[in-house]
Amino acid sequence: MAMFMTKFVLIFCITMSTLYGINCVQVENNTATANEVAYALPTENHVLLQAKMEAQDQKMTILLQNQQDNHGETIALLQNIVVQMAVNQQNKQHQITDLLQTNLDNHNETITLLQNQQHTLSRMVETQTYVANTLSQVVSHLEMQSEQLQYMAGSMNTMMSLLMTQQETTENTPTSPVHVQTESESAGQHQHPQTSTATQNQLPQTSTVAQSQLGQMSTVTLNQLPQTSTAQTTTKISGVDCEDLASKGDFPSGPYTITPRNDSSFNVYCDMDTDGGGWTLFQKRFDGSLNFYRGWTDYDQGFGDADGEYWVGLSQIHQLTQSGSWALRIDMESFGNETAYAEYQPFQVGEATSNYMLSIGRYVAGTAGDSLSGHNNMPFSTFDQDYDAYSGNCARNRQGAWWYNQCAASNLNGLYQGPTGNSGTGMWWNHWKRVESLKKSEMKIRRMP
Ligand SMILES: [Ca+2]
């Protein structure tokens with residue numbers, strides 16, 4: 001039994017030495033009992049071992065507990081992150097929605113703003129168009145005023161030169177033989193002896209024929225158009241102008257053939273009624289049936305018929321007025337049936353090489369006012385032959401043909417615009433009706449006493 005216990009202690013000792021490093025030599029060599037061996041084990045080590053194990057267990061427990069806690073925290077953290085992410089996502093979604101809504105609102109506001117701007121621009125364009133039209137009218141008005149001023153300046157120059165001439169004449173009167181002319185001026189209106197004598201001197205054939213057939217009034221009347229051919233075949237009577245015809249008999253107003261020179265005859269309308277009669281018309285307009293916006297050739301040679309509206313031709317006017325002194329009378333009628341006239345002395349149209357320059361003297365009488373003196377000494381202009389004093393083309397601007405300056409105080413060859421016409425392109429006489437379109441116009445000449 002003792003042996004058995006010894007062996008057991010030894011085995012136990014070896015085991016323990018293996019585990020805890022206990023010296024078993026003494027045990028092996030000792031023959032003490034198991035209790036003695038057990039007693040022989042180091043008690044301190046055992047306690048330390050147990051404490052160590054307990055500490056380790058505690059550590060392990062704490063570690064596990066910590067790990068468990070950490071795990072729980074991690075889960076909580078992850079849950080928080082997930083929740084936070086969801087919240088963030090939702091917030092971002094809301095922000096994006098708000099942003100989109102704001103953008104949409106801004107877009108709508110922009111559209112409204114653009115629409116308002118477009119509306120404003122449209123109104124501005126309308127206003128600008130209106131202003132432009134108004135300015136255009138003002139410019140036109142200013143142009144007219146400028147022309148009037150030019151015309152007035154021309155009139156004043158004419159008056160000045162006339163006054164100077166009169167002054168010179170007055171100074172020379174006591175020794176001048178002009179007394180005869182003064183006598184003839186006071187003697188008669190249009191059939192005074194001076195003119196007759198001049199006509200006789202210039203055209204003895206005509207005068208002789210006229211004198212020999214003065215009594216044959218009916219025969220002479222046949223010379224009136226349209227029986228011209230009959231008259232010409234039945235009688236050789238012809239006048240050099242309407243006054244000449246009037247001196248041969250009591251002929252009514254109407255179209256006649258006149259022969260200023262032996263080699264030149266043409267038809268004219270004779271005014272045998274106005275202010276003693278004997279007026280040879282070179283322009284006649286009364287219904288707008290004839291187009292007067294024509295080129296140089298037509299105005300040079302004439303157009304229309306003497307029994308209707310017509311222009312006799314610059315060449316013919318020159319032919320008539322190149323010798324002697326002539327008076328010009330212009331009779332006009334408005335669409336309100338008012339009438340007015342203007343008379344100038346003397347009047348002459350130059351030769352073709354001067355482009356039929358206008359030479360007029362004083363405005364001697366009238367009710368229409370003087371709207372022609374400003375055109376004195378100007379060549380004639382048509383839209384295709386510009387001889388005016390303006391940088392542009394007056395004939396085109398005024399739609400007529402005239403002795404344009406810069407450009408016009410009268411435009412009697414302008415467009416026939418009818419009762420509503422009231423513009424610079426119409427047929428007008430500025431000092432009477434400004435640019436109101438006229439109904440009738442007659443330009444007529446007669447030899448001066
Ligand atoms: Ca010009």
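**Notes on salt bridges and strand pairing**

1. A pleasant place to start is E338, which is partly exposed at 39% relative accessibility; that label covers the range between buried (under 20% relative accessible area) and exposed (over 50%), with a 1.4 Å probe and protein chains only. Please bear in mind that this is a predicted model, where local features need pLDDT of at least 70, side-chain atom pairs count only at pLDDT 80 or more, and totals for chains, interfaces and linings use all residues. Residues are numbered from 1 along each chain as its sequence is written, and side-chain values use heavy atoms, leaving out hydrogens and water.

2. The partner of E338 is K433: the two form a salt bridge with their closest N and O atoms 2.7 Å apart, the term meaning a side-chain nitrogen of Lys or Arg within 4 Å of a carboxyl oxygen of Asp or Glu. This pair links distant parts of the chain, 95 residues apart, with K433 in helix α14 (residues 430-433) and E338 in the loop between β6 and β7. Helices (H or I, at least four residues) and strands (E, at least two) are DSSP runs numbered from the N terminus. K433 is buried, at 17% relative accessibility.

3. In total, the structure holds 13 salt bridges. Another of them joins K284 to E442, at 3.2 Å from N to O. K284 belongs to strand β3 (residues 279-285) and E442 to strand β9 (residues 440-447), so this contact ties together parts 158 residues apart in sequence. K284 is buried at 11% relative accessibility, and E442 is buried at 18%.

4. Strand β9 also contributes K440, whose salt bridge with E333 has its closest N and O atoms 3.6 Å apart. Here the link runs from β9 to strand β6 (residues 326-333), and the two residues are 107 apart. K440 is partly exposed at 33% relative accessibility, whereas E333 is buried at 15%.

5. You may enjoy tracing the salt-bridge network that links D271, K284, R329, D331, E442 and K444. D271 brings us to strand β2 (residues 264-271), which is mostly covered, six of its eight residues being buried.

6. On the pairing of β2: strands pair if DSSP finds at least two bridges between them. Strand β1 (residues 254-261) runs antiparallel to β2 and is joined to β2 by six bridges, with T257 standing opposite N267. A hairpin with two residues between its strands is formed by β1 and β2. Strands β2 and β3 are also antiparallel, joined by three bridges, and C270 stands opposite T280 in β3.
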